[in-house]
Structures are given as structure tokens and as C-alpha cells.
Amino acid sequence: MTPIELQGQAAKSASRVLAVASTGLKNAALEAIAQALLAHTDDILAANAQDMAAVKASGMSVSLQDRLALNEGRIRGMAEGARQVAALPDPIGAVTRESVRPNGLRIARRRVPLGVIGIIYEARPNVTVDAAALCLKSGNAVILRGGKEAFHSNQALTEIMRAALADAGLPADSVALVQDTTRASSTELMNLTEYLDVLIPRGGRGLIRAVAANASVPVIRTGEGVCHTYVDRAADLEMACRIVQNAKCSRPSVCNAMECLLVDSAVAGEFLPMMVPYLDEYHVELRCDERGKAILGDRAVAATEEDWDTEYGDYILAVRVVDGVQEAIDFCNLHGTGHSEAIVTDSYSAAQKFLDEVDAAAVYVNASTRFTDGGEFGLGAEIGISTQKMHARGPMGLEELTSSKFVVYGDGQIR
């Protein structure tokens, strides 16, 4: 057997134990993980320093380096995330529907774990802990395949969590990290049908589409984020400036960051010059359509057709002037990825139309798209933002990592 097959076999065995583990035992394991992360902060930072030195030498962009970098605050955040998951209700065993049939059969539908979850993700070490915590609480084993840029960080985090699990009385193999970071390991994981119940890719468009196209394991697509903000003619323009700045600049490398700004032609001449100083603070490059560039002049460059479909992950913003809310809706539905879309308006009718007609996992009125996050939605940590419509959509918390089974009680009925 290959090393990944061995990990799959071990994870399948661990998943049987997790499926029937008590809530108290799972919560104790999560607390043990939180304490171990804090106790080993120096080890985690040392491993992360190795990764950071390598990516800086390779010329990785500053915004992408930010996704990889750890510090004491971020490690405390990971530990707190594990504790927040422990504090959430346990979904396993919850009865979501129950009825008694005319023949006396009592039929209930009960939440159960998915089993073994595989996650392929890029340079985000926090995903290692978030994914493990959520899978553990929902009774699932997890096999993690991180990017090579974060290998040392991910390895340190995984070893710490595996030791904490064993100390708490759960199988260390509940959490595993693929040691091979070549493309071959991703391909093998995509086809590990004997052991994996579902595969979740978390990263950029290229990764997600490659997994969806090549996997024989069922896939939940997450994270592809071409998000829009539409500034309506009835918007509070000062509010809109603050929302635009936050949605683009607070952390441009993440999937809920805004990549394209749509502005109603009725206010574009006033709003776009107002907006520029907010974006100048972060040296944001503006790529505008003809009408936007006519307003902003040399402050902008001409957009290409590719810009309307690009997830930059950087301080770059596509800008387009549109003629009203319907054109904005149509543009979002054509060029968005189904992640998060926002309208800034004081018009109730425009807001409701946008909410009703935009096809996305999260739709906002007068707020930044940056709130599409498991923690911000009260779900604790998240496994990712699902952009599909089957089973799970939006931030994936504990319930989204469960399936169901019917349990049927009878007293001798036959058919």
C-alpha cells in the first residue's frame, strides 16, 4: 500500500471510533489541542519561519505571504477557535425529523458523521487547525493535504494535535497530514474512493477546478471568490467608501475580499473620485471600464475582459459603471462565483431586488463581503465557504459536515 492508502486505512478505522465518541470526550480533546497549541507556540513559530524564509526567497507576493505567516496572536486565535468549536452544540445524534406511520413504524432521521474527509488546501496554516477541530467535533476523521509553501507549519501543527488527541483518549489517526506535496499526492487523494467519503478543495480557482474535474471522490467546492460590491444611486456614498475600502483592503488575499466594484452611472461621477483616497492608502491598482476610466483618468488603467472574471488576491480592483440595479444583478450572476455579493443602498426596493435575484451563497445590504466567515456567522471555525448548491452552501460549520440516516422502530411489522 502507498503511504496515502495507509493513512486512508488508519483514518477509516479512526472514524469508527469518532462516530460513537461522546460529546464530552470530543470536547476534552479539543481543549487538549488548544492547550497544546499554546504550549508549543515557539515550535510552531520556528516551523513557520522556515516556510516564510523559503517563500520570501521565491518572490511570493506580500498579500500571499500574509496568508502563510503566523505569529503569537494567530496561534492564540487557532487555540481559541478550537475552544469555540468545543462550545458549540454537538450535531451528531440530533433527530431532525420523526414520524409514526399508520402501520405503527416510528421513523426518525438522525445526524451522523460523513466519515473520512479529505481536504486539499493552499498556504493557510490556520486551515490545518480549523479543519481538524470541526471534523473532530462532527465525528469525522480528516486527511489534510496542504501546500508545499506551508509544509513545515502544517507538519508542526498536525504533530501537536495528534499527540493531544492520543493524550485525550482518541485515535491520533483522527488527523493526518499527507507528507508528499507533489501533484501526484493530490491526484491520489482525489481518487482514494475506498477510504475517503468526501473531498473539499480550499484555495484558488485553479485548485478548485482541477479537483472538481479530476476527482472520483465526491467533491464539495469551496472558496472560489470573485465577489462584487454594487454602489447604487440611492447609496450613502460615505458609507460606500468605507465598505469598499474594507471589502478590498482589509485582507485582499482571502476569498471573501471584493474583486470587482460596480457603480451606478447616476452617481459614478461623484462617487469614484470620493473613493480614490480610501484606496490610495493601500496603493490599490484600479482597472476600469471606459466610463470609469473617463472619470478617473490616469489614476486607473483600462480593464480587459479577463479582469471581470479574475480573483486577484491582491491590491487590484476591477471597476465597472453600470446603468442601474438590474444591470448590476445580471453582471454579478454572469461573472461572480456564487460566493458573496453586496449592494450599498438606502432604497428598500433596490435592496430587496438585489437580495432576491443575485445567485450567491451570501448576499449583503450595506455591509462588507468580508463577513462571509464561519466565525462571523456564529458557526465557530469553518471548513470553507461552499459555492455550490448541493448539501452545503456558504460557510461550512458542524452541521454541514454531517449526513443523516433513518432509524426505524417497529414491533413486528412486515410488508
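This is a short walk through two sheets, one helix and two single residues of a predicted model.

Okay, let's start with the seven-stranded sheet. It's open, the order is β10-β9-β11-β8-β7-β12-β13, and the pairing is parallel. On the edges you have β10, residues 300-302, and β13, residues 362-365, and each of those pairs on one side only. Neighbouring strands here are turned by 25 degrees against each other on average, ignoring direction. If you want one pairing to click on, take β9 and β11: they're parallel, with four bridges between them. One place to look is E285, whose bridge partner in β11 is I316.

Now, the helices on this sheet. α10 lies across β7, β8, β11 and β12, and runs at about 170 degrees to β7. α11 lies across β7, β8, β9 and β11, and its angle to β8 is about 140 degrees.

Let me stay on α11 for a bit. How far apart should the ends of its 16 residues be? The helix covers residues 265-280, and at 1.5 Å a residue it should span 22 Å; the end C-alpha atoms are in fact 22 Å apart, so expectation and model agree. There is a bend along the way, though: about 45 degrees at F271, with a proline, P273, following within four residues. At the N-terminal end, D264 acts as the cap, with a side-chain oxygen 2.9 Å from the backbone nitrogen of A266.

And which residues of α11 are buried? Those are V267, A268, F271, L272, M275, V276 and L279. So F271 shows up twice: the bend is there, and F271 is on the buried list. The cover over these buried residues includes strands β7, β8, β9 and β11, plus helices α10 and α12.

Next, a single residue in that sheet: T229, which sits in strand β7. Buried or exposed? T229 has 0% relative accessibility, and the cut-off for buried is under 20%, so T229 counts as buried. Leaving out residues up to four places away in sequence, T229 touches I243, V244, A247, M258, C260, L261, L262, A342, V344 and T369.

For contrast, go to E122, in the loop between β3 and α6. E122 has a relative accessible area of 31%, and because that falls between the 20% and 50% limits, E122 is called partly exposed. What does E122 touch, once residues up to four places away in sequence are set aside? The contacts are G147, R202, G203, G204 and L207. G147 is a nice one to check: E122 and G147 are 25 residues apart along the chain, yet their C-alpha atoms are separated by 4.6 Å.

Last stop, the other sheet. This one is open too, with three strands in the order β1-β2-β16 and antiparallel pairing. The edge strands are β1, at 95-100, and β16, at 402-409, each pairing on one side only. The twist averages 20 degrees from one strand to the next.

Zooming in on β1 and β2, five bridges join the two, and they run antiparallel. R97 stands opposite R109 in β2, while V100 stands opposite R106. The β1-β2 hairpin has five residues between the strands, and in that hairpin G104 takes a positive phi near 95 degrees. That's the tour, thanks.

How values were computed: Residues numbered from 1 in each chain as written. Predicted model: local features only at pLDDT ≥ 70, side-chain atom pairs only at ≥ 80, totals over all residues. Heavy atoms only, no water. Expected span 1.5 Å × (residues − 1). Bend = angle between axes of the 7 residues up to and from the residue. Buried < 20%, exposed > 50% of the residue type's maximum accessible area, 1.4 Å probe, protein only. Contact = heavy atoms within 4.5 Å. Polar contact = N/O pair within 3.5 Å; in protein donor to acceptor, adjacent residues only side chain to side chain. Pairing = 2+ DSSP bridges. Axes fitted to C-alpha atoms, helices over the stretch in contact; angles between N-to-C directions.
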